[in-house]
Each structure stands twice: as C-alpha cells, then as structure tokens.
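Hi everyone, thanks for making time. I'd like to walk you through a few backbone oddities and then a pocket.

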Amino acid sequence: MKKLVLFIPVIIVLILSSCDGRKSKIDRLNDAVSEFNNREILIDLKDYYPEGYTETKTDSIISKTFRVSVKNYTVMDKKILLNETVKNLHKTSQFHRVFESDIVVSVEDKIIYDRHISVEKFKDFETSDFWNNATLEHVWVNQETSNNLTLSLGVSILNPKNKAFKLYEILIDKLGNERLTLIEDHS
C-alpha cells in the first residue's frame, strides 16, 4: 500500500506536467502557414487602354460658314472594367478609359453651339444594357454631308466590354439648333 501511495502522486505529477499548454506539431505547422499567408499580399496589376491621357483636337472651317473645334479626350478618373482575373496572389484588371468631347461651333465669329458630349447625353434617349459600359469613342466633322446651311457631326459610341457600338449624327443649323439621329446600331 505504501508503494501505491507513492505511485499515485508520481502519476498525477506526470499527467500535470505533460499538459503544460505547449502546442502539438500540427498546431505549430498550421500557425506557421497562417502567419506566412498573412504576410503575403495580393499583387494588383491594372492595365488601361489607353495607358495615359489622350487628346485630339481638330479645327475645321466648313463652306466658309461654320468654324468648328472638336476636342476628344480621356477622362482619367473614369474607367470601364473589361476583365478581372485572380491567379494565385496575382489579380489582373483590364480597364478601358472613358472618353468625352467638347464641341464649339461658330458662324461669323459668333458661337452658336458649345456643348460637352459624353455618353450621359445619349443615355436619356434610350434605355438599354448597352449604356452600362459604354463610352464616347470619337466625335468628328463629317465634311461630305456638311454644307453652308448644315453642319454634320459624326458621333461614335463604343461598349468595349461586349464589343458593340452605335453611330449617331448630329446636324447643326446656322442658328445652333441640333438634331440627333441614330445611323447604325450594332449592340
């Protein structure tokens, strides 16, 4: 019985000393992997078209009547998300920058038409999913259909996400009145 009385405290001491709160090998491995993953950061790559600011300015005189200034440019803080992929810790996003245009038309040195043109101007005329990712592509003077009474501007609107486009014509008379017409619709 003396041996049993000595043996029980020894077993209790062994049991208590083996439960000292240390982690098992699996727990330590899981903690190390978790800590490593927390230190890794997601690499976010962004690809823009066009890469930087783009501007084209065209000044025209039509039939010695209309003086036209067309400025097409990118808006650097507006973009359309085309595609986004995540592979491992690399996230790649492709964007198409939004374009807008400023048009100034004068007759006999008097400004008759001064407008800022963007997709927002066209969204009001028609509701469609096309407009969710659309941007102005280009505005130009159509010299073939312009004459000394009417100025014709071509307006191309692009949806780069689904590769659709619309082509409009803006006719401006000598008084600055405009008429908008849809010429082509590939949406």
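Here is what I picked out, backbone first and pocket second.

Quick housekeeping: this is a predicted model, where local features need pLDDT of at least 70 and side-chain atom pairs count only at pLDDT 80 or more, while totals for chains, interfaces and linings use all residues. Residues are numbered from 1 along each chain as its sequence is written, and side-chain values use heavy atoms, with hydrogens and water left out.

So, the backbone. Most residues other than glycine have a negative phi, and most peptide bonds are trans. Now look at Y49 and P50: the bond joining them is cis, with omega about -15 degrees. P50 sits in the loop between strand 1 (43-49) and strand 2 (55-62); strands here are DSSP runs of E, at least two residues, and helices are runs of H or I, at least four, numbered from the N terminus.

Next, K64, in the loop between strand 2 and strand 3 (66-87). Its phi is near 55 degrees, a positive value in a non-glycine residue. K64 counts as exposed because its relative accessibility is 82% (exposed means over 50%, with a 1.4 Å probe and protein chains only).

K163 also has a positive phi, near 55 degrees. You'll find K163 in the loop between strand 7 (150-159) and strand 8 (164-173), and at 73% relative accessibility K163 counts as exposed too.

On to the lining of the largest pocket. Which residue classes make it up? Six are nonpolar, four polar and four charged (Ala, Val, Leu, Ile, Met, Phe, Trp, Tyr, Cys and Pro count as nonpolar, Asp, Glu, Lys and Arg as charged, the others, Gly among them, as polar). A pocket is an open set of points on a 1 Å grid over the protein atoms alone, where a 1.4 Å probe fits, with protein on both sides within 12 Å along at least five of seven lines; lining residues have an atom within 4 Å of a point.

Conventions: Buried < 20%, exposed > 50% of the residue type's maximum accessible area, 1.4 Å probe, protein only.
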